[in-house]
Amino acid sequence: MKILGISVSDRKFGNSDLLVKETLLGAKEAGAEVDFIRLTDYKILPCEGCINCVIKKTECIFRDKDDSMKLYRKITEYDGLVLGSPTYILGVPGILKMWLDRGMAYMYGIGRPNSGKPAVAIGVAGVEGWEAFTLPQMATFLLSLGYHIVDQFIAHAQGPGEILLNDKILERAHRAGKSIVEGKDMPYEKVCPSCGQNMFRFVDHNTIECAVCGTKGRFVVKDGLPTVDWFYIERRWGDEDIVEHFEHKILPSVPRFLKNRHKIKELRRKYLDTI
Ligand SMILES: Cc1cc2nc3c(=O)[nH]c(=O)nc-3n(C[C@H](O)[C@H](O)[C@H](O)COP(=O)(O)O)c2cc1C
């Protein structure tokens, strides 16, 4: 079994690097071959929105201009992934989102080569309570590519390497590394009954929706205690659901756009001439 660790931090030997490496040491102890890379060592350009990857079912047409596709090909060579990311302004650094946006080929276009592979997500944050988007964003990256999250957690540390003073979290990372190889899920708290994430938004005063997968629930009182009645389970990131999404929601937009494109060109003239 081969496991790849990716740190999203540019701080060499920073907390994300170290936690990913500790997780890889656990995986190695359990018998895996391991490798480590830092995302910021690669050139990642933004998605230009052409959706050729969806329409033509190919890798991104800018595959030779940066390392995005090279990196997607690389993770496909491994049986599992350990992702470690710092928290920047409540969520992950932009480079992870930019790489994810370039990855629709690996979500749908060329198939889902990483579907079902195990992954661990470790977010690092300097201040407790200032990390709300980090794990949901990391989970979105992993789930959208089909990975199964065997463990996820936030580790708190501010200065580079300070995490080495926290034996408990290092042990957790080490154990997560073992469980990725052993195929065991760690007992992390799963709140959403579909994707396990814990970020919800209110759709109306009484209805909540999982921000990551779209599962819906209502607050009810059962046996005198408040609880959530999950009345709609969404499997947004499942293999069949993703195919259905692209084929029924995205691809039909192409002929619709082509039909209207001359009219749109005409209407946009006003904006070309003015500003
Ligand atoms: C630009 C920037 C923004 C940050 N924003 C947050 C934040 O919103 N919440 C938080 O808890 N920590 C924040 N931090 C602190 C880092 O998450 C923390 O230092 C972490 O240990 C960095 O991980 P690293 O050593 O792997 O780079 C920020 C750090 C930087 C440089």
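Q: Two strands count as paired if DSSP finds at least two bridges between them; in this predicted model, over how many bridges do strand β8 and β9 pair?
A: Strands of a sheet pair through backbone hydrogen bonds, in either the parallel or the antiparallel sense. Within this pair, Val221 has Pro226 of β9 as its bridge partner. Strand β8, which spans residues 216–222, runs antiparallel to β9, and the number of bridges between the two is 7.

Q: Which strands stand at the edges of the open sheet to which β8 and β9 belong?
A: The sheet is open and has 4 strands, paired in the antiparallel sense in the order β6-β7-β8-β9. A strand at an edge has a single partner, so one side of it is left without a neighbour in the sheet. This applies to β6 (200–204) and β9 (225–232).

Q: What is the average twist from one strand to the next in that sheet?
A: The strands concerned follow one another in the order β6-β7-β8-β9 with antiparallel pairing. From one strand to the next, the twist averages 40°.

Q: Which strands pair with β4, and in what sense do they run?
A: Strand β3 (residues 80–86) is joined to β4 by 6 bridges, and one bridge partner in β4 is Ala121, which is paired with Leu83. Strand β5 (residues 148–156) is joined to β4 by 8 bridges, with Phe153 of β5 as the bridge partner of Ile122. The strands that pair with β4 are therefore β3 and β5, and in both cases the strands run parallel.

Q: How many of the residues of β4 are buried?
A: In a regular strand the side chains alternate between the two faces of the sheet. In β4 one side carries Pro118, Val120, Ile122 and Val124, while the other carries Ala119, Ala121, Gly123 and Ala125, and both faces are covered. The strand is largely enclosed by the rest of the structure, because the number of its residues that are buried is 8 of the 8.

Q: Which elements each supply at least two residues of the shell around the ligand?
A: The ligand has 17 residues around it, and those that come nearest are Ser9, Ser16, Trp130, Ala157 and Gln158. By class, the shell holds 9 nonpolar, 7 polar and 1 charged residues. At least two residues of this shell come from each of α1 (15–29) and β4 (118–125).

Q: What share of the ligand's own accessible area does the protein cover?
A: A backbone N or O atom of Trp130 lies 2.7 Å from a nitrogen atom of the ligand. Backbone N or O atoms of Ala157 and Gln158 lie 2.6 Å and 2.7 Å, respectively, from an oxygen atom of the ligand. Of the 640 Å² of accessible area that the ligand has on its own, the protein covers 79%.

Q: With which residue does the side chain of Arg102 make a polar contact?
A: Arg102 lies in the loop between α4 (94–101) and α5 (104–109). Its relative accessible area is 4%, which is under the 20% cut-off, so Arg102 counts as buried. At 2.5 Å, its side chain makes a polar contact with the side chain of Asp66.

Q: Is Ile169 buried or exposed?
A: Ile169 lies in helix α7, which spans residues 167–182. Ile169 and Asp151 are 18 residues apart in sequence, and their C-alpha atoms are 13 Å apart in space. The relative accessibility of Ile169 is 15%, and because the cut-off is under 20%, Ile169 counts as buried.

Notes. Residues numbered from 1 in each chain as written. Predicted model: local features only at pLDDT ≥ 70, side-chain atom pairs only at ≥ 80, totals over all residues. Heavy atoms only, no water. Near = heavy atom within 4 Å. Polar contact = N/O pair within 3.5 Å; in protein donor to acceptor, adjacent residues only side chain to side chain. Areas by Shrake-Rupley, 256 points an atom, 1.4 Å probe, with all protein chains shown as cover. Nonpolar A, V, L, I, M, F, W, Y, C, P; charged D, E, K, R; others polar. Axes fitted to C-alpha atoms, helices over the stretch in contact; angles between N-to-C directions. Buried < 20%, exposed > 50% of the residue type's maximum accessible area, 1.4 Å probe, protein only.
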